[in-house]
Amino acid sequence: MIKRFGTSVRARLTLLATVAIALLCVVVSSLVLYMVHATAAEAQRVAVTNAALRVIHLIERDRLPDVLRSGQPSLQAIDGQGRVASSTPDLARTPRMSTAVPSRGSTLLQYTCDLPPFPGQCNVLAVFRVYRPSGDWLVYSTEKTIPWYVTPSLPTTLLVLSLGLVALTWFGVSRIVADTLAPVDRIRAYLAEIAAGGGGMRVPVPATDDEIRALAVTANDTLERLEAAMEQQRRFASDASHDLRSPITAMRTRIEEALLYPEDTDWPATGQALLASLERLQALVADLLTLAKLDAGTLAAKDPVDLGELVTTETVRHRSKLMVITLQSGVTVTGDRLRLARLLTNLLDNAERHAEKMICVSVRKNDQATLEVLDDGGGIAPEQREEVFRRFTRLDASRSRDAGGTGLGLAIARDVAETHGGTLTIEDSDTGARFVLRLPLRQD
């Protein structure tokens, strides 16, 4: 389908250019014919008039012969009694060619058809009056009108030139369009190969600096993002299936063991163990649903949220570590209170798992709203600070201390920050890990 589309584009462009040049040839040829015909007609009128003037000169000098010199145009002299006094050989023994008479003091020049000596044709006719004592003479000079094509060779030449130009245009435009669309066809072929599951996720970039190169570069950027998203999706599916399988396997093993030895099983303890696994499974599913909503780009609420009040509310719950809170009043942002609360809770839960004795939470503002959560734990190495925000990522140091975590809390926190137009990063600190959330201040 794409190939036929490309061929159709090439055919349409070639046909359009050919039709345009054909119309131009018609217009130019018409103008050439018109100009040549007008020039030839004017030259004919001058020749007819000059021939008549030469006869008038002979009459005035009384040297008019009975037969005028043959050639073009045809001439005829009528004396004062209306008799043919002289003519060219082609008009010998023919009557007066016309009854047209110019008024005194003027000359008659007209186009007329079916003159008696020239039936079935049209002529240009010049009539002069010659004043003589014995009576006024009339001199007729005529010649067949020039046809619209002037000469048969002129339209033939124009037609041959036009056909040659049209053929050259068809060939040239077809080649140019084919060469121009060749990179597009290669891009199409690579995209088809990618869609079929073969080849790398890139299309060839032409060497020319034009729109097609820009198209290829944009396509490669899109494919690069798509490849990264697909890789993230595959990794996410693999990790999710593994983390979902673990609590399910643990529950199944515990139940199977209890059913094998029902009399020796401590059913309340088994129930507590199953409940713990179910809680872990429920937390994991809830986090996966939250990530799915964030990935789908669902719009968050745009309500005013006081970060200081939010911290006060979310830190009411008793925690195992000492909480040190420093708040600046009037730090208000625009967003979804529930999602921002989830972000703060995830940061606090993470800090509680890794802190030794104390967690510090602060809220302040300058040109942005800033929320910091600092623990006094072992901290995170600079090269691993971005790694912890990846989904299902738990560092080796944290796995032993955080066996119940889902590995999605910090990923959810960062996604929430980004959906609110902010950032969540890990910055340098003297001890522990220092998570810094920055959000735009609400403009009232």
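1. In this predicted model, one open sheet is built from five strands in the order β7-β9-β10-β12-β11, and its pairing is mixed. Its edges are formed by β7 (322-327) and β11 (423-427), each of which pairs on one side only. From one strand to the next, the twist averages 15 degrees.

2. Within this sheet, β7 and strand β9 (residues 358-365) run parallel and are joined by six bridges. One residue pair may serve as a landmark for the reader: M323 has I359 in β9 as its bridge partner.

3. Helix α6 should be viewed together with this sheet. It lies across β7, β9, β10, β11 and β12, and runs at about 25 degrees to β10. Helix α6 (residues 337-354) also meets helix α8 (residues 409-419): their axes come within 9 Å and cross at roughly 145 degrees. The crossing of α6 past α8 is left-handed.

4. Which residues of α6 and α8 meet? On the α6 side they are R339, L340, R342, L343, N346, L347 and N350, and on the α8 side G409, L410, I412, A413, V416 and A417. Sorted by class, this contact of α6 with α8 comprises eight nonpolar, three polar and two charged residues.

5. A second open sheet also deserves attention. Five strands form it in the order β2-β1-β5-β4-β3, with antiparallel pairing. Strands β2 (84-87) and β3 stand at its edges with a single partner strand each, so one side of each is left without a neighbour in the sheet. Neighbouring strands here are turned by 25 degrees against each other on average, with direction ignored.

6. The pairing around β4 can be followed residue by residue. Strand β3 (residues 108-115) runs antiparallel to strand β4 (residues 118-130), and seven bridges join the two. A hairpin of two residues leads from β3 to β4. C113 has C122 in β4 as its bridge partner. Strand β4 also pairs with strand β5 (residues 137-144), in the antiparallel sense and over eight bridges. Here the bridge partner of A126 is S141 in β5.

7. As general background to both sheets, strands of a sheet pair through backbone hydrogen bonds, either parallel or antiparallel.

8. How many aromatic pairs does the structure hold? There are two. W148 and Y149 form one that is edge-to-face, at 5.3 Å centre to centre and with 90 degrees between the planes. W148 counts as exposed, because its relative accessibility is 58%, whereas Y149 has a relative accessible area of 29% and is partly exposed.

9. The rings of F389 and F435 have centres 6.1 Å apart and planes at 80 degrees, so this pair is edge-to-face. F389 lies in the loop between β10 (369-375) and α7 (396-399), and F435 lies in strand β12 (residues 434-439); the pair therefore ties together parts that are 46 residues apart in sequence. Both F389 and F435 are buried.

10. Some totals complete the note. The protein has eight helices and twelve strands. Of its 444 residues, 35% count as buried. Among contacts in the protein with a separation of 6 or more, 60% come from residues 24 or more positions apart.

Key. Residues are numbered from 1 along each chain as its sequence is written. This is a predicted model: local features need pLDDT of at least 70, side-chain atom pairs count only at pLDDT 80 or more; totals for chains, interfaces and linings use all residues. Side-chain values use heavy atoms; hydrogens and water are left out. Two strands pair if DSSP finds at least two bridges between them. Helices (H or I, at least four residues) and strands (E, at least two) are DSSP runs, numbered from the N terminus. Axes are lines fitted to C-alpha atoms, for helices over the stretch in contact, and angles run from 0 to 180 degrees between N-to-C directions. A crossing is left-handed if the near helix is turned anticlockwise from the far one by less than a right angle, and right-handed if clockwise. Contact means heavy atoms within 4.5 Å. Ala, Val, Leu, Ile, Met, Phe, Trp, Tyr, Cys and Pro count as nonpolar, Asp, Glu, Lys and Arg as charged, and the others, Gly among them, as polar. Rings of Phe, Tyr and Trp (its six-membered ring) pair if their centres lie within 6.5 Å; planes under 30 degrees apart count as stacked, over 60 as edge-to-face and the rest as tilted. Buried means under 20% relative accessible area, exposed over 50%, partly exposed in between (1.4 Å probe, protein chains only).
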